[in-house]
Amino acid sequence: MVQVSKKDFKAIMAKARLRKVKRLAKRKELFAGKPEEIGRTKLKWIIDGLWATYIKLRDMTHLGPLCRVCGKEEGTVAYHIVPRQRGDAVRWDTMNGVLACAPCNFGEKNNRSLYREKHINLFGLERVECL
């Protein structure tokens with residue numbers, strides 16, 4: 001166990017408080033103006049983050065931490081069954097998202113046809129077709 005002097009401890013805590021204040025100030029800047037001032041790109045970025053957080057929490061809570069695609073590694077990313085670049089119609093649809101590991105997320109980008117068959121086997125034709 002490392003012993004820290006009282007003076008060093010106070011300095012560490014002061015730095016931590018300063019980092020927290022800076023994070024909160026940055027968050028306030030993001031939402032400070034009118035919604036029109038945020039801009040379309042930044043708004044999409046915010047919604048993408050909220051969508052990813054929801055998918056991760058939903059799948060970890062109900063199904064456990066494993067990847068839904070391979071089932072081997074721990075899921076770390078929210079994965080779009082239908083890629084978000086195909087349009088905004090299903091970009092934030094919660095049925096279009098599952099928890100996946102980074103290799104599956106990256107592999108899908110390079111082999112769409114292979115993963116389409118995998119998606120049908122895993123999630124069912126109805127779910128893939130309705131998206």
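This is a short tour of one helix, its salt bridges and a surface patch. The model is predicted, and residues are numbered from 1 along the chain.

**Stop 1: helix H3**

Select residues 40–63. This is helix H3, with 24 residues. From first C-alpha to last, H3 reaches 34 Å. That is close to the 34 Å expected at 1.5 Å a residue.

Now show side chains. Which residues of H3 are buried? They are Ile46, Asp48, Trp51, Ala52, Ile55, Arg58 and Asp59. An α-helix has 3.6 residues a turn, so residues three or four places apart point the same way. Keep Asp48, Arg58 and Asp59 from that buried set on display.

Step just past the end of H3 and pick Gly64. Gly64 takes a positive phi of about 95°.

**Stop 2: Asp48 and Arg91**

The whole structure holds 3 salt bridges. Start with Asp48 and add Arg91. The two form a salt bridge, and their closest N and O atoms are 2.7 Å apart. What does this pair tie together? Asp48 lies in helix H3, while Arg91 sits in the loop between strand E1 (77–80) and strand E2 (97–100), so the bridge links parts that are 43 residues apart in sequence.

Colour both by accessibility. Asp48 counts as buried because its relative accessibility is 13%, under the 20% cut-off. Arg91 is also buried, with a relative accessible area of 11%.

**Stop 3: the Asp59 network**

Return to H3 and select Arg58 and Asp59. These two form a salt bridge, with closest N and O atoms 3.0 Å apart. Add Arg68. Its side chain meets that of Asp59 in another salt bridge, at 4.0 Å from N to O. Shared partners join Arg58, Asp59 and Arg68 into one network.

Is Asp59 buried or exposed? Its relative accessibility is 3%, so Asp59 counts as buried. Arg68 is buried as well.

**Stop 4: a nonpolar surface patch**

Switch to a surface view. Select Val4, Phe9, Ile12 and Met13. Together they form a nonpolar patch on the surface. Their combined accessible area is about 360 Å².

Zoom in on Phe9. This residue is found in helix H1, which covers residues 6–31. At 48% relative accessibility, Phe9 counts as partly exposed, because exposed requires over 50%.

**Last view**

Put Asp59 and Phe9 on screen together. Asp59 is at 3% relative accessibility, and Phe9 is at 48%.

Key:
Predicted model: local features only at pLDDT ≥ 70, side-chain atom pairs only at ≥ 80, totals over all residues. Heavy atoms only, no water. Helix = DSSP H or I, 4+ residues; strand = E, 2+ residues; numbered from the N terminus. Expected span 1.5 Å × (residues − 1). Buried < 20%, exposed > 50% of the residue type's maximum accessible area, 1.4 Å probe, protein only. Patch = residues over 30% accessible without salt bridge, like charges linked within 9 Å, V, L, I, M, F, W, Y side chains within 5 Å. Areas by Shrake-Rupley, 256 points an atom, 1.4 Å probe, with all protein chains shown as cover.
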